[in-house]
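Student: I am new to this structure. Can you walk me through its charged side chains?

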Amino acid sequence: MSQPQIPVPEPDEASRPFFDGAAEGRLMLMRCADCRTWRLPSRQHCDACLSDRFTWEAASGRGTVRTFGIMHQRYHPAFQVPYNVTIVELEEGPRLPTNLVDVANDEIRVGMPVEVVFERYDDVTLPRFRPAGRL
Amino acid sequence: MPHPLRGAAAITGLGMTPMGRIYKSTSELAAEAVAKAITDAGLKKDDIDGLLINAGITGTTGGGLTLGLQNYLGLRNLRLLNHMNAAGSTAAQMVQYATMAIHADMATHVVCVFADAPLKEGTSAGAAYGGAARNPQRPRGMAGLYAAAGYFGANTPYALAARRHMALYGTKQDHLGIIAVGQRQWATMNPLAQMREPITLEDYHASRWIIEPLHLLDCCLVSNGAVAVIVSPAERAKDMPQPPVYIHGMGQGHPGDSGRAGSDWETETGAKFAAETAYRMAGVGPADFTQCQIYDCYTYTVLVTLEDYGFCKKGEGGPFVEDGKLGPGGSLPTNTGGGELSAYYMWGMTPLSEAVIQGRGHGGERQAKNDLILVTGNGGSLSYHACLILSPHPA
Ligand SMILES: [Zn+2]
């Protein structure tokens, strides 16, 4: 019997460059072509100026732990509890829901510097983060 | 000159069904609450000329109230009707719009009703609000990053918010626990409460983790039931059978996208600017309240809301509640019916219904000083906020 798969997203038109970038090891974010505000999640209109013009740019992949929780409730069979649910605040400003890897739950701290790593699930690659500066 | 809405209207009717595993349709529950509220107010059905409806979670998951409730109740020729949803802030908002409509002479007696029935026979309370985890469809686009991180349910964002407060300000697990214990003490005196067994701080710590830093006893109940209130002009209220509960002030605050750069949604909520509007309207400040009915989907919501209303400084909510001042015998009686944590979860109708009971002086052994009552509603992930300032005294 195979392990249940986590619910991975299916790229849509507004997010395809994000997922294509992840597959190539880059954290690609949508950015307003007019006022330069990052759009995360990607969407047609900028929430700062309502422009519908955009570019895709590579983010640094560096950030800090904005906040996190340790999940004990079994909502989905693919997640082995307890696991961390983390919001990473990217160096560029926007925030991403993710999981930290290569760190014990009781070592996670708000403000901890982290860097992106990429994990492949069948046809989709997702950004995860690990404590910064580890080899 | 006082604000024109200060004391313009009053709550004159209250109707509540039993709460908990009551297996009826939301229309049936709503009709029971509305019928009780009309009788309570000494009115006839034909006196009702306004209806505001809030569906609860079943408005999203299925089976929730719709505008069709007007026909189920047989209400003809309404001059005001809407189906509203700003999550847990809706109950206070319905009373706000009713007050404005009454003041504008668009309606006279407005029923505001909430009904929900997420609990199904043979399923757990958690299943009622689990959401995305059981969605068989593959999530599309970047919105799917939440499920892919195992970010499920309403518990997650509140745990994340509480964690950040703890990290920034040194708020302790005990501070959240003291709120849960105090509210359970109140619930032991509320015959409508679903949870009436007293708990200790040790019980709190021993209750299972849902998502750290939230224990089971940090999280609200899930309830089937309905609550209806009737809002009437103040000058009529004084001749109606129940002691009027006058509306002195109101406000709203909706801070916007929590994912955006620069947002401090975890620790600073819309309550901050809802408070400014409401305090100005009522001509009061935090020191004037004799009791609070604070939306308490989680213990943390109480703590952060009290800070944002200025009862203490930002970040000092933990030490503020530490002496048990929110519980029975404390200096700031709060959630005197047990709240959503221990009594019943009717979204914003939980604090509002208890405020009406208290405002009338009908709290029995749990009655607290009621000269000025703060009622708050909060929804989303601390995204939507509305409040009322109530008093048994006319403005
Ligand atoms: Zn822009």
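Tutor: Start with a term: buried means under 20% relative accessible area, exposed over 50%, and partly exposed in between (1.4 Å probe, protein chains only). This is a predicted model, where local features need pLDDT of at least 70, side-chain atom pairs count only at pLDDT 80 or more, and totals for chains, interfaces and linings use all residues. Residues are numbered from 1 along each chain as its sequence is written, chains are lettered from A and ligands numbered from 1 in the order in which they are written, and side-chain values use heavy atoms, without hydrogens and water.

Student: Is B:K314 buried or partly exposed?
Tutor: Its relative accessible area is 24%. The limit for buried is under 20%, and for exposed over 50%. So B:K314 is partly exposed.

Student: Which side chain meets B:K314 in a salt bridge?
Tutor: A salt bridge is a side-chain nitrogen of Lys or Arg within 4 Å of a carboxyl oxygen of Asp or Glu. Here the N to O distance is 2.8 Å. The partner is buried, with a relative accessible area of 6%. It is B:D308.

Student: How many residues apart in sequence are the parts tied together by A:R31 and A:E57?
Tutor: Their side chains form a salt bridge at 3.0 Å, N to O. A:R31 lies in strand β1 and A:E57 in strand β3 of chain A (strands are DSSP runs of E, at least two residues, numbered from the N terminus). So the pair ties together parts 26 residues apart.

Student: Which side chain of opposite charge is nearest to B:D116?
Tutor: B:D116 is buried yet has no salt bridge. The nearest side chain of opposite charge is 7.4 Å away. It is B:K120.

Definitions and conventions. Lys and Arg count as positive and Asp and Glu as negative; His and the chain ends are not counted. Helices (H or I, at least four residues) and strands (E, at least two) are DSSP runs, numbered from the N terminus.
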